[in-house]
Structure formats: structure tokens, C-alpha cells
Amino acid sequence: MQKLIIKGGKRLRGEISLQGCKNSALPIIAASLLCGEDCTLHNCPELTDVYSAARILNCLGCRCGFSGNTVMVDSSEVTGTEIPEVLMREMRSSIIFMGAMLGRMGECTVSVPGGCELGPRPIDMHLAAMRKMGVDIREGGGRIICRAAGGRAKGAKINLSFPSVGATENIILCAVTADGETVVNNAAREPEICDLCGFLRACGARISGDGESRIVIEGQLKLTGCEYSIMPDRIAGATYLSMTAASGGEIILKNACVQDMEPFLTVLEQTGCSIYTGGQNIYLRSGPRLRAVPDRIRTMPHPGFPTDAQAVLMAALTVADGTSVFEENIFDCRYRHTDALVKMGADIQVLGKVAVVKGVSALSGACVEATDLRGGAAMAAAALAAEGTSEITRICHIDRGYEKFEESIKAIGGEICRV
Ligand code: UD1
């Protein structure tokens with residue numbers, strides 16, 4: 001098993017060009033199934049989750065080819081309607097293939113994506129929405145068998161009880177080729193939803209309102225192939241900015257989605273960092289010590305503070321002057337990284353959905369195990385700020401979301417290697 005060795009305590013300084021966004025690459029790869037033609041996707045990050053999505057397409061009979069950050073998908077032939085359980089378990093977001101398969105084939109067999117990384121991640125909203133669109137769903141023995149009446153889903157009015165990102169994506173994927181109009185109320189407004197809709201529009205889909213709470217989709221009989229460039233990854237951006245801030249350094253983040261990162265940048269600025277944006281660049285300079293964030297940091301659906309950036313910002317705030325308070329409102333079990341940070345000397349008290357972080361004068365290197373993707377990145381951020389050497393194991397979690405992780409950190413002067 002590979003691990004990361006990090007020698008901390010250095011002031012990070014340099015430039016990083018931001019990778020393509022994992023959370024839009026995955027639904028867009030699933031969406032390419034709907035085209036029935038060639039699709040070329042640029043700026044696709046080279047990540048294990050992306051390869052898992054390609055394996056799912058291959059197993060359905062499509063062909064995927066990779067050339068650096070470009071993925072070519074030929075979905076002209078589809079030979080299967082079932083995703084084997086082993087592939088469903090590889091990646092939690094495999095569930096977004098449900099909408100795409102229903103949209104293309106009118107039927108699919110999937111399973112509940114397994115594991116517990118961030119607490120229970122039910123798919124009740126996904127299933128209720130598909131049922132509303134005329135899909136018959138039978139569950140048994142861990143399998144979910146879905147069949148649209150007459151082979152084509154029907155447009156429907158869907159009111160989500162919570163703006164779930166995955167459920168919104170599944171509805172859109174099923175609705176773009178459904179019979180009639182679909183309206184999604186209380187839809188997720190994340191930038192990745194807009195990226196998915198941008199791709200689908202490039203394929204001829206009729207969608208409006210993405211980025212707002214009410215999305216309207218007019219079903220089309222057929223979509224076409226297209227060439228599309230995936231947006232930059234705002235969470236990878238938040239990670240490298242947090243790392244640099246914690247080390248008292250400076251960074252130019254290139255190819256960033258500045259506007260989409262504003263909810264994060266607004267909070268980061270309160271730590272006393274100087275942040276300047278221009279075009280697609282973000283420049284950050286941090287003083288020798290960060291300040292605690294005075295207001296409670298509440299994770300919320302976009303445009304609130306992103307839950308995916310909670311762990312990495314927390315790592316930075318462990319060495320700030322004063323006390324910061326986090327409130328995690330999206331996932332039940334998203335403080336699993338705190339034990340590792342405490343092992344490195346952080347002072348963090350968790351009580352239910354609240355975490356109180358009292359800044360300490362310094363962290364010290366330790367051997368820790370990545371608990372999940374963003375939690376693992378937070379441990380790397382803490383290790384870079386800490387005095388001494390740290391070892392991070394179970395880095396398969398980090399590889400799910402960060403492209404060229406060590407290279408990027410080395411580019412800003414961090415001492416890191418994989419053994
Ligand atoms: C996506 C992102 C993830 C991010 C999250 C919230 C991808 C691949 N993953 O995850 O990185 O942290 O959005 O921004 O894009 N829920 C239900 N029932 C459902 C669906 C969701 O109760 O049917 C709950 C979940 O348990 C969770 C909350 O709703 O508590 C938010 O989940 P959701 O927005 O669906 O997140 P994901 O799409 O899984």
C-alpha cells in the first residue's frame with residue numbers, strides 16, 4: 001500500500017494550474033451515454049473515479065479512450081443495461097448512471113452504492129423522482145431494477161425536499177430525452193450542475209434555469225455528440241489555497257473558476273490572507289499567522305460554504321490565532337479527519353454537527369490514515385504546516401479526487417513523496 005511522506009514547516013510559494021473538476025467530469029461522462037455518437041471531453045482530470053466511470057461505460061458496451069486530459073467516448077453501441085455490483089461499489093457516485101441509462105435505454109439495473117464514508121447517503125430522492133417520471137422500480141437482494149413504462153420516461157414536476165446534487169443530476173439526465181417537460185423545484189445550484197447542463201446543451205438538450213432553484217427540461221427524442229471542456233475544480237482550488245494559507249506562503253492559482261469559489265474565498269479572506277482575483281487567476285498571500293474566522297462556518301448547499309472544503313479549511317485553522325467554529329449541515333459523519341489532526345497536535349472538540357477549533361502555536365508531524373477524500377487532503381495540509389515529518393496511509397482516498405497531488409504540492413515548494 002502506498003503512502004505519502006511529508007516534511008512540513010516550509011513556507012509554500014509558487015503557481016498551480018488547477019485540474020479539471022471531478023464532480024462535473026463524472027456526471028458528464030455518464031451523460032455521454034445519452035448522445036449515441038462520439039463525444040470529446042477536454043480538461044478531464046486523470047483520477048481513479050474517472051477511470052471507474054469509464055469502466056462502467058465500457059461494461060455497457062461503449063468505448064472510451066484517454067489521451068492525457070482528453071477523453072473520447074463513443075456511445076453509438078450499447079449492449080448492456082446492468083452495472084455489476086462490483087463496479088457500483090468502486091465509486092459512490094456511480095448512481096448517476098441510473099438517470100443516463102434510463103434516458104438512453106429506458107431501463108437499468110443498478111445497486112445501492114455501498115460503503116459509509118460521510119455517513120448514510122440514501123438515494124430515496126433519486127428513486128422517488130424516477131418513479132414520478134413513470135419509472136417502475138423494484139428493489140431486492142441489493143439490486144434496483146428500473147423500467148420506464150413504454151421504454152421512455154415521462155416529464156414530471158418534481159419538488160425536492162433538499163437540493164441534492166446527485167438527485168438533481170439524475171433527474172436532468174433522465175429528463176433530457178423524456179417525453180415532455182420536467183420541472184425541478186428546489187434543485188441543487190452547484191456550479192457542477194451548470195457544467196453538466198452546459199455539456200447537455202452542447203449535445204442539443206433543452207434545459208433552462210440551471211444555477212437557479214427551478215430547472216426546466218424539455219425532453220428531446222435524440223441528442224448528438226459534441227466536444228466540451230470540463231470546468232476547473234473549485235474544491236481542489238480550495239485545498240491548495242488552504243495549504244498555502246496554513247504555511248504562511250503565497251500562491252497563484254491559475255485556470256480557476258473564480259466566481260464559483262467566492263463562497264469559499266469570502267471565508268478564507270477572514271483569516272487575514274490577502275486575496276486578489278483577475279481573469280481566471282487567484283493570488284493569495286498569507287501572513288506569518290492566520291486569524292480564526294469570527295463567524296460560525298456553516299456548510300450549506302451552493303452558494304453557501306461548500307461541505308467539501310470544510311476539512312481543508314479546518315486544517316488551516318488549527319494553526320490560527322483564536323477559536324473557529326464549524327457547523328456541518330450536509331453530511332452526518334464528516335468530521336472523521338479530526339482525530340488525525342488532533343494526533344498532530346490540533347485542539348478540536350466535536351459535538352454533533354459542531355466542531356470547535358482552538359488554534360495552537362504549532363502542529364507536529366505524525367503517522368495518520370486518510371479517512372476519506374477531503375479528510376485525507378486536510379491531513380496533507382496539516383502535515384505541510386506541521387513541524388517534522390508525517391506519513392499518510394490509505395491515500396487511495398486522495399487519489400480519487402486530486403490529479404498529480406504530489407507534483408502540485410512540489411510546485412509550490414512542499415516536500416512530499418510517495419513511497
Ligand atoms: C455531491 C458531491 C459531493 C458533495 C455533495 C454536497 C459528487 C460526485 N459528489 O454528493 O462531493 O459533498 O454533493 O455538495 O458530485 N440525501 C438524501 N437522500 C437522497 C440524496 C441525498 O437524504 O436521495 C442527503 C445526503 O445523505 C446528504 C445530503 O442529502 O446528507 C446531500 O447529498 P447530495 O447533495 O445528494 O450529495 P451527493 O450528490 O452524494
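**Two pockets and a buried threonine**

Modeller: The second largest pocket has a lining of 18 residues. Nearest its centre lie Ala246, Ser247, Pro288, Val319 and Ala385. This is a predicted model: local features need pLDDT of at least 70, side-chain atom pairs 80 or more, while totals for chains, interfaces and linings use all residues. Residues are numbered from 1 along each chain, and side-chain values use heavy atoms, without hydrogens or water.

Colleague: What makes a space a pocket, and a residue part of its lining?

Modeller: On a 1 Å grid over the protein atoms alone, a pocket is an open set of points where a 1.4 Å probe fits, with protein on both sides within 12 Å along at least five of seven lines; a lining residue has an atom within 4 Å of a point. The second largest pocket holds about 240 Å³. The largest holds about 1,100 Å³. Of its 46 lining residues, Arg121, Ser164, Val165, Gly166 and Phe331 are the closest to its centre.

Colleague: Where does the largest pocket lie, and how do you know?

Modeller: Domain 1 (3-19 + 232-302 + 309-418) and domain 2 (22-229) both give residues to its lining, so the largest pocket lies between them.

Colleague: Why is Thr182 called buried or exposed?

Modeller: Buried means under 20% relative accessible area, exposed over 50%, partly exposed in between (1.4 Å probe, protein chains only). Thr182 has 0% relative accessibility, so Thr182 counts as buried.

Colleague: What is Thr182 in contact with?

Modeller: Contact means heavy atoms within 4.5 Å. Beyond its neighbours within four places in sequence, the contacts of Thr182 include Met133, Gly155, Ile171 and Val216.

Definitions and conventions
Grid points are joined across faces, edges and corners, and a volume is the space filled by probe spheres set on the points. Domain bounds come from an automatic or database domain assignment.
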